[in-house]
Amino acid sequence: MMEEQLRLESSEPLEAFRAEGFEPEIRLRAHDDYSILSMVEQGLGISILTELVLNKTSYNVAAVPIEPPIIRTMSIVVKDKKSLSLASRKFIKCLLDSRSELT
């Protein structure tokens, strides 16, 4: 519970809000994107979701861009680099070679 609370308190959106001197009143937290979209669609609040989730949604919600945009750092996580399959190694190399195009 404490680890989850720490993760939620240090999220990118909350850090961006705090940098602007704003502390949102959070009454409910959900982790499943589709549950969140359903609640927003039913008028139960608002949320901040990644553009990727919103691209192919059939929910009746409006997407409003955030300015300045909130940037999220992503990492590649593997259990053991030595035991990666050839396909996995090539995929990671492709990602790393395409870094400038992904940002």
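Visitor: How many salt bridges does a search of the whole structure find?
Guide: The model is a predicted one. One salt bridge joins Glu23 and Arg18, and another joins Arg27 and Glu25. The side chains of Lys93 and Asp97 also meet in a salt bridge. For the whole structure, the number found is three.

Visitor: How far apart are the closest N and O atoms of Arg27 and Glu25?
Guide: Arg27 and Glu25 are both exposed. They form a salt bridge, and the distance between the closest N and O atoms is 2.6 Å.

Visitor: Is Glu23 buried or exposed?
Guide: Glu23 is bridged to Arg18, with 3.1 Å between the closest N and O atoms. Arg18 has 37% relative accessibility and therefore counts as partly exposed. The cut-off for exposed is over 50%. Glu23 has 51% relative accessibility, so the class is exposed.

Visitor: Lys93 and Asp97 are separated by about how much of helix α5?
Guide: Their side chains meet in a salt bridge, 2.7 Å from N to O. An α-helix has 3.6 residues a turn, so residues three or four places apart point the same way. Lys93 and Asp97 are four residues apart in α5, so the separation is about one helical turn.

Visitor: What distance lies between the end C-alpha atoms of α5?
Guide: The helix has 12 residues, and at 1.5 Å a residue it should span 16 Å. The expected span counts one less than the number of residues. The distance between the end C-alpha atoms agrees with this, at 16 Å.

Visitor: How many residues of α5 are buried?
Guide: Buried means under 20% relative accessible area. Asp97, at 52% relative accessibility, counts as exposed. The helix lies largely in the open, because of its 12 residues the number buried is one.

Visitor: Which helix gives the most to the lining of the largest pocket?
Guide: The largest pocket has a volume of about 2,600 Å³ and is lined by 50 residues. By class, 34 of these are nonpolar, seven polar and nine charged. Helices that each supply at least two lining residues include α1, α2 and α5. The helix that gives the most, with five residues, is α3.

Visitor: What is the volume of the second largest pocket?
Guide: Its lining includes Phe17, Phe22, Ile66 and Pro68. The lining residues divide into eight nonpolar, no polar and two charged. The volume of the second largest pocket is about 150 Å³.

Conventions. Residues are numbered from 1 along each chain as its sequence is written. This is a predicted model: local features need pLDDT of at least 70, side-chain atom pairs count only at pLDDT 80 or more; totals for chains, interfaces and linings use all residues. Side-chain values use heavy atoms; hydrogens and water are left out. On a 1 Å grid over the protein atoms alone, a cavity is a set of points where a 1.4 Å probe fits but cannot get out, and a pocket is an open set with protein on both sides within 12 Å along at least five of seven lines; lining residues have an atom within 4 Å of a point. Grid points are joined across faces, edges and corners, and a volume is the space filled by probe spheres set on the points. Ala, Val, Leu, Ile, Met, Phe, Trp, Tyr, Cys and Pro count as nonpolar, Asp, Glu, Lys and Arg as charged, and the others, Gly among them, as polar. Buried means under 20% relative accessible area, exposed over 50%, partly exposed in between (1.4 Å probe, protein chains only). A salt bridge is a side-chain nitrogen of Lys or Arg within 4 Å of a carboxyl oxygen of Asp or Glu.
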